[in-house]
Every structure is written in structure tokens, then in C-alpha cells.
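User: I would like to go through this model by question and answer, with the reasoning spelled out for each reply. Please start once the structure is on display.
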Amino acid sequence: MSETTPVAVAVEAPVAVALTPMEACKQVIAAATAVDGVVRGLRQVVQALDRKEAVLCLLAEDCDNASYTKLVKALCTEHGIAIMEVPTRQELGIMAGLCRYDAEGEARSVVATSSIALTKWGVSSEALSFLQAGL
């Protein structure tokens, strides 16, 4: 019989990605989507804000309608709902899942949206803690 010698295998620890507010937001939206906690579109967002069902509202900075922005900000302020601004409507659409992905994993056919609201947080995570601490 031949003897086998044990071989030591080095396992690298996963590299921790620095958590930014936008990365945390993406992770929290993905978790909320899994529990059906994301509403999209002006009508649904305004209803969620007015009913005080929303826990967080995300608004695009490049929204082209000033009255839309004013309405969403006023409802958030009136009901004490946290609001976070996202740089572009395209980016908010991608985070909300309003797109299709091609074979390479790139977002295609993105539907731009000016606001979304989270009605449920989803599972608790490091990203959720980071985001809640920043609000």
C-alpha cells in the first residue's frame, strides 16, 4: 500500500468591499424586493407615503418635474419618513429591478424612475444597519 501525504491548501479570505451608502442601498432594495417590499411609480409611492406604510423613500436627483419632487419631499417630511436621494433616474431604475439583463450581466432596457419607496426592509443585514445609521 502506498502512503499519501497530506497537502496543506491555503484558503484566501474573501475581500471585504467597503460599504458605501449606494452599495448599502442596492443591497437593502434587493432584500426588500425579495419580500415584496418595494413600490414603484408616482401613484404607488404617494399612496405608500400617505398611508405611512413606507419606511424609506428614494428620489432621483435628476427628476425633471419639480412638482413631483416637491410632493414626495413634502409627504416624507409630513409623515416623518426617511428620504434618500439617488444621482440618476436610470440608476434608480436599475436598483428597483426595472430592467432586463443580457448574457454578460449588463442592464439593458432600463426603465428610468424618479422615485421608489420601501414598505418592508427584508432580512436584517450589515447593509441595513449601515443605512439605518446614516438616516
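User: Leaving aside neighbours within four places in sequence, which residues is Pro21 in contact with?

Analyst: This is a predicted model, and the reply should be read with that in mind. Pro21 lies in helix α1 and is partly exposed, its relative accessible area being 44%. Once neighbours within four places in sequence are set aside, the residues in contact with Pro21 are Met84, Phe130 and Leu131.

User: How many Å apart in space are Pro21 and Val86, C-alpha to C-alpha?

Analyst: In sequence, Pro21 and Val86 are 65 residues apart. Taken from C-alpha to C-alpha, their separation in space is 9.9 Å.

User: Which residue forms a salt bridge with Lys26?

Analyst: The structure holds three salt bridges, and Lys26 takes part in one of them, with 3.7 Å between the closest N and O atoms. That value satisfies the criterion, because a salt bridge needs a side-chain nitrogen of Lys or Arg within 4 Å of a carboxyl oxygen of Asp or Glu. The two residues are three apart in helix α1 (residues 21-34), and are therefore separated by about one helical turn. Lys26 is partly exposed at 36% relative accessibility, and the residue it pairs with is Glu23.

User: Where does the salt-bridge partner of Lys73 lie, in which strand?

Analyst: The side chains of Lys73 and Glu85 meet in a salt bridge, at 3.1 Å from N to O. This pair links distant parts of the chain, its members being twelve residues apart, with Lys73 in helix α3 (residues 66-79) and Glu85 in strand β3 (residues 82-86). Both ends are partly exposed, Lys73 having a relative accessibility of 36% and Glu85 one of 35%. The strand asked for is β3.

User: Is Arg108, which meets Asp102 in a salt bridge, buried, partly exposed or exposed?

Analyst: The side chains of Asp102 and Arg108 meet at 3.0 Å, N to O. Asp102 has a relative accessibility of 22% and counts as partly exposed. For Arg108 the relative accessibility is 46%, and the class is likewise partly exposed.

User: Which element gives the largest share of the largest nonpolar core?

Analyst: The largest nonpolar core has 21 residues, of which Ile29, Leu58 and Leu118 touch the most other members. Elements giving two or more residues to this core are α1, β2 (56-60), β3, α4 (89-95), β6 (115-118) and α5 (126-134). The largest share amounts to six residues, and the element that supplies it is α1.

User: How many residues are in the other core, the one with Ala48 and Cys63 among its members?

Analyst: Leu118, which belongs to the largest core, touches residues including Val28, Ile29, Leu56 and Leu58, not counting those up to four places away in sequence. Apart from that core lies another, with Tyr68 and Ala117 also among its members, and its residues number 14.

User: What is the phi of Asp36, about how many degrees?

Analyst: Most residues other than glycine have a negative phi. Asp36 lies in the loop between α1 and β1 (38-40) and is exposed, at 63% relative accessibility. Although Asp36 is not a glycine, its phi is positive, at about 55°.

User: Where is Lys52, whose phi is positive although it is not a glycine?

Analyst: The phi of Lys52 is about 60°. Lys52 counts as exposed, because its relative accessible area of 56% is over the 50% cut-off. Its place is in the loop between α2 (42-50) and β2.

Technical notes:
Residues are numbered from 1 along each chain as its sequence is written. This is a predicted model: local features need pLDDT of at least 70, side-chain atom pairs count only at pLDDT 80 or more; totals for chains, interfaces and linings use all residues. Side-chain values use heavy atoms; hydrogens and water are left out. Helices (H or I, at least four residues) and strands (E, at least two) are DSSP runs, numbered from the N terminus. Buried means under 20% relative accessible area, exposed over 50%, partly exposed in between (1.4 Å probe, protein chains only). A nonpolar core is a set of buried Ala, Val, Leu, Ile, Met, Phe, Trp, Tyr and Cys residues joined through side-chain atoms within 4.5 Å. Contact means heavy atoms within 4.5 Å.
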